Amino acid sequence: MTERDGNGQLVLVGAPLGNPGDASTRMRELLATADVVAAEDTRRLGRLARELAVEITGKIVSYFEGNEERRTPDLIDAIRGGALVALITDGGMPAVSDPGYRLVRAALDAGLPVTAAPGPSAVTTALVVSGLPCDRFCFEGFLPRRGAERRARLAALAAEPRTLVFFEAPHRVVATLGDLAAAFGADRPAALCRELTKTYEEVRRAPLGELADEAAADPPRGEITLVIAGAPAAAVPRPTDEELRAAVVARQAGGMSRRDAVAAVAAEYGLPKRDVYTLAH
C-alpha cells in the first residue's frame with residue numbers, strides 16, 4: 001500500500017534525533033503531502049520543516065502525553081474518512097517511550113491500516129556507538145521516577161545477560177547511575193550517550209561506578225541514553241549423574257530423540273556430548 005492510494009491510513013514517521021540531515025526523502029514527502037500531521041510538539045515540527053525546506057500543507061495538530069487520549073478518536077475518524085495521518089514525535093520513532101502506541105492500537109482495533117516510515121532511533125544509535133555487545137539487547141525505556149521503585153526494577157534486572165538500554169532525564173541521571181552501580185556493580189561496563197547526532201554529542205564509556213562519580217561531579221545535560229553491559233555468565237554447577245540422566249529422560253518424554261536430548265543437556269551444562277551420552281546409556 002502506498003501513502004496516496006486513496007484510502008486512509010496512519011503512518012508513524014521517524015524523526016531526526018537532532019541532525020536534520022538524517023531526515024529521509026520519504027519523511028519529507030509525508031510531511032508535505034499528509035492530510036493531517038500529528039506532532040508531539042508543533043513548534044519543533046515547524047522548526048524542522050523550515051530546516052528541511054518542507055511546506056506542510058495538511059492540518060497540523062498536537063499529539064502528546066497530555067492530550068493523546070482525547071485526540072485519538074478524532075484522528076481515527078480522520079483515517080476512517082480517508083485521510084493520511086502522519087504521526088511524528090520530537091525525535092526517533094513514535095511509540096518508543098513517546099506518544100503513539102495508543103493511536104496505533106486504536107487504529108488496528110478499528111481495522112485501519114498502519115505503517116511506518118522508518119527513521120533514526122536513539123535506542124539503536126546509542127547501542128552501536130556504546131562499544132558493548134549488540135547481538136542481543138533489551139530496551140527498558142525510562143526507569144521509575146521514585147527511588148524505591150527504581151531500585152526494585154534494577155534489582156530485577158541485575159542478572160539480565162543481554163545488553164540493556166535505558167532512557168533517562170538529565171535531572172535524574174545522577175541518582176539513576178548511583179542506583180545502577182549499586183544494583184549491577186561498580187565495575188559493570190556502560191556508556192552514557194547524550195545529545196546523539198547533535199552539535200554537542202558525547203559518549204562516555206566507563207564502568208558504572210566511574211560514570212556515577214563523573215555525573216555527580218559534572219551532571220550531564222540534554223537527551224540521555226544509557227547502555228549497560230549484560231550480567232556476566234554465572235558458572236552453572238555440574239549436576240549429579242542421576243540428575244543428568246533424569247534431564248535426558250525428561251526431554252525424551254517431551255518428544256525429543258535420545259540424540260537431541262543428549263545434545264540439549266550437554267549444551268545446557270557445558271559438558272561434552274560423549275560424557276552425557278555415556279551416562280544416558
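Student: In what order do the 5 strands of the open sheet stand?

Tutor: Keep in mind that this is a predicted model. The sheet is open and its pairing is mixed. Reading across it, the 5 strands come in the order β6-β7-β10-β8-β9.

Student: Which strands stand at the edges of that sheet?

Tutor: Look for strands with a single partner strand, since one side of each is then left without a neighbour in the sheet, so they sit at the edges. Those are β6 (137-142) and β9 (202-207).

Student: How many bridges join β8 to β9?

Tutor: Strand β8 covers residues 189-194, and β8 and β9 run antiparallel. As one pairing, A191 has R205 in β9 as its bridge partner. The number of bridges joining β8 to β9 is 6.

Student: Which strands does helix α8 touch?

Tutor: Helix α8 takes up residues 208-217 and packs on the sheet. Its direction makes about 130 degrees with that of β9. The strands α8 touches are β8, β9 and β10 (224-228).

Student: Is α9 roughly parallel or roughly perpendicular to α11?

Tutor: The axes of α9 (residues 241-253) and α11 (residues 273-280) come within 9 Å and cross at roughly 85 degrees. Angles of 65 to 115 degrees count as roughly perpendicular. That makes α9, relative to α11, roughly perpendicular.

Student: How many nonpolar residues does the contact of α9 with α11 have?

Tutor: On the α9 side we find D241, L244, R245 and V248, and they meet V276, L279 and A280 in α11. By class, 2 residues in this contact are charged and no residues are polar. The nonpolar count is 5.

Terms used:
Residues are numbered from 1 along each chain as its sequence is written. This is a predicted model: local features need pLDDT of at least 70, side-chain atom pairs count only at pLDDT 80 or more; totals for chains, interfaces and linings use all residues. Side-chain values use heavy atoms; hydrogens and water are left out. Two strands pair if DSSP finds at least two bridges between them. Helices (H or I, at least four residues) and strands (E, at least two) are DSSP runs, numbered from the N terminus. Contact means heavy atoms within 4.5 Å. Axes are lines fitted to C-alpha atoms, for helices over the stretch in contact, and angles run from 0 to 180 degrees between N-to-C directions. Angles under 35 degrees count as roughly parallel, over 145 as roughly antiparallel, 65 to 115 as roughly perpendicular and the rest as oblique. Ala, Val, Leu, Ile, Met, Phe, Trp, Tyr, Cys and Pro count as nonpolar, Asp, Glu, Lys and Arg as charged, and the others, Gly among them, as polar.
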